[in-house]
Amino acid sequence: MTKPTAARRRLVLPVVLAGSVASLILALGLSPTVAAFTASIQNTVNSAATGVLSMQESNADGTVRCNSTDGGSISTNSATCSTINKYGGSTTMVPGQTVTTNISITNTGTVAAKTFSLTPGACSQAANGTVNGSATDLCTKMTLVITSGASTIYSGPLSGFTAPVDILAKTTTTSLAAGSTLSFSFAVTMPAGADNTYQGLKASQVLTWTFNS
């Protein structure tokens with residue numbers, strides 16, 4: 001072997017080796033990733049929403065109903081009910097007569113009412129018709145008894161019903177669950193001893209039911 005030939009071979013060998021190494025590195029780089037065990041959980045239901053607290057008042061046979069949303073929407077959730085007269089609405093009561101009215105309050109919302117109260121306004125007296133007696137203390141004479149089952153909510157003269165009543169405390173109920181109903185009886189009595197001066201008079205009082213969650 002001549003010297004030039006031997007020299008060429010010595011030069012070619014490193015070049016070939018370098019090329020092989022480069023090809024090997026390239027091949028490894030293009031190889032797929034080696035498989036491994038995996039585990040995962042995707043939570044698709046992550047949400048939070050508010051409940052609804054709403055009230056419905058109805059008469060004894062359920063033919064008349066008032067809802068707390070009747071005032072516009074759930075945003076206000078306060079309405080005036082002028083179709084259920086809890087004092088009976090009689091305009092012909094006589095001494096010794098009692099007029100009883102039964103109503104019910106239902107939690108029509110989706111959350112429990114943790115507090116439930118009945119707040120009276122001041123009793124006021126007015127004329128009933130064109131012939132009127134001269135008495136000015138009808139609210140003191142007329143008596144009211146409010147019951148719910150065996151529980152007495154209030155008993156006394158209309159004039160004495162001035163403070164809010166905690167209904168749940170009176171009925172020993174911890175809360176009024178969604179869909180639950182409490183029934184109430186309102187008995188208004190004109191005392192037997194009332195004389196002619198109480199003729200043609202009317203007593204009125206605003207009552208407000210309130211739930212809180």
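**Exercise 1: the fold on paper**

Work out how many helices and strands the chain has, and in what pattern they come along the sequence.

*Solution.*
Step 1. Count the elements: this predicted model has three helices and 11 strands.
Step 2. Read them off along the sequence, and you get α-β-β-β-β-β-α-β-β-β-α-β-β-β.
Step 3. Check the contacts. Of those with a separation of 6 or more, 73% link residues 24 or more positions apart.
Step 4. Look at the outside. Buried residues account for 29% of the chain's 213 residues, and the accessible surface is about 13,500 Å², with 56% of it belonging to carbon and sulfur atoms.

**Exercise 2: rings around W209**

Find the aromatic pairs that involve W209 with F116 and with F186, classify each geometry, and say which parts of the chain they tie together.

*Solution.*
Step 1. Search the whole structure for aromatic pairs; six turn up.
Step 2. Take F116 and W209. Their ring centres are 5.7 Å apart and the planes meet at 40 degrees, so call this pair tilted. An angle over 60 degrees would have been needed for edge-to-face, and one under 30 for stacked.
Step 3. Place the two residues. F116 sits in strand β4 (residues 115-120) and W209 in strand β11 (residues 207-212), so this pair ties together parts 93 residues apart in sequence. Both F116 and W209 are buried.
Step 4. Now swap in F186. The F186 and W209 rings are 6.3 Å centre to centre with 90 degrees between the planes, which makes the pair edge-to-face.
Step 5. F186 belongs to strand β9 (residues 181-189) and W209 to β11, so here the parts tied together are 23 residues apart in sequence. F186 is buried, just like W209.
Step 6. Put it together: F116, F184, F186, W209 and F211 make up one aromatic cluster.

**Exercise 3: the nonpolar core**

Name the residues with the most contacts inside the largest nonpolar core, and list what I167 touches.

*Solution.*
Step 1. The largest nonpolar core has 39 residues.
Step 2. Pick out those with the most contacts inside it: F116, L144, F161, I167, F184, F186 and W209.
Step 3. Ask which element gives the most to this core: that's β9, with four residues.
Step 4. Zoom in on I167. Skipping neighbours within four places in sequence, I167 contacts F116, S117, L118, I153, L182, F184 and W209.

**Exercise 4: a salt bridge**

Find the salt bridge, give its distance, and decide whether its two partners are buried or exposed.

*Solution.*
Step 1. Recall the background: side chains of opposite charge can pair when their charged atoms come close.
Step 2. Run the search with a cut-off of 4 Å; the count is one salt bridge.
Step 3. The partners are E57 and K86, whose closest N and O atoms are 2.8 Å apart.
Step 4. Locate them. E57 is in strand β1 (residues 55-59) and K86 in the loop between β2 (65-67) and β3 (98-107), so the pair ties together parts 29 residues apart in sequence.
Step 5. Check accessibility against the 20% limit. E57 has a relative accessible area of 7%, so E57 is buried; K86 comes in at 10%, so K86 is buried as well.

**Exercise 5: positive phi**

For N77 and T172, give phi, the location and the degree of exposure.

*Solution.*
Step 1. Start with what to expect: most residues other than glycine have a negative phi, and most peptide bonds are trans.
Step 2. N77 has a positive phi, near 55 degrees. N77 lies in the loop between β2 and β3, and its relative accessible area of 25% makes it partly exposed.
Step 3. T172 also has a positive phi, near 50 degrees. T172 is in the loop between α3 (167-170) and β9. At 70% relative accessibility, T172 is exposed.

**Exercise 6: N102 and its surroundings**

Describe where N102 sits, what it touches, and which side chain it makes a polar contact with.

*Solution.*
Step 1. N102 is in strand β3, and with a relative accessible area of 40% it is partly exposed.
Step 2. Leaving out residues up to four places away in sequence, N102 touches N59, A60, F184 and S185.
Step 3. Take F184 from that list: its C-alpha atom is 5.7 Å from that of N102, although the two residues are 82 apart along the chain.
Step 4. Then S185: its side chain makes a polar contact with the side chain of N102, at 3.2 Å.

Methods
Residues are numbered from 1 along each chain as its sequence is written. This is a predicted model: local features need pLDDT of at least 70, side-chain atom pairs count only at pLDDT 80 or more; totals for chains, interfaces and linings use all residues. Side-chain values use heavy atoms; hydrogens and water are left out. Rings of Phe, Tyr and Trp (its six-membered ring) pair if their centres lie within 6.5 Å; planes under 30 degrees apart count as stacked, over 60 as edge-to-face and the rest as tilted. Helices (H or I, at least four residues) and strands (E, at least two) are DSSP runs, numbered from the N terminus. Buried means under 20% relative accessible area, exposed over 50%, partly exposed in between (1.4 Å probe, protein chains only). A salt bridge is a side-chain nitrogen of Lys or Arg within 4 Å of a carboxyl oxygen of Asp or Glu. A nonpolar core is a set of buried Ala, Val, Leu, Ile, Met, Phe, Trp, Tyr and Cys residues joined through side-chain atoms within 4.5 Å. Contact means heavy atoms within 4.5 Å. A polar contact is a pair of N or O atoms within 3.5 Å; within protein, one must be able to donate a hydrogen and the other to accept it, and residues adjacent in sequence count only if both atoms are side-chain atoms. Accessible areas come from the Shrake-Rupley method with a 1.4 Å probe; for residues, only the protein chains shown count as cover.
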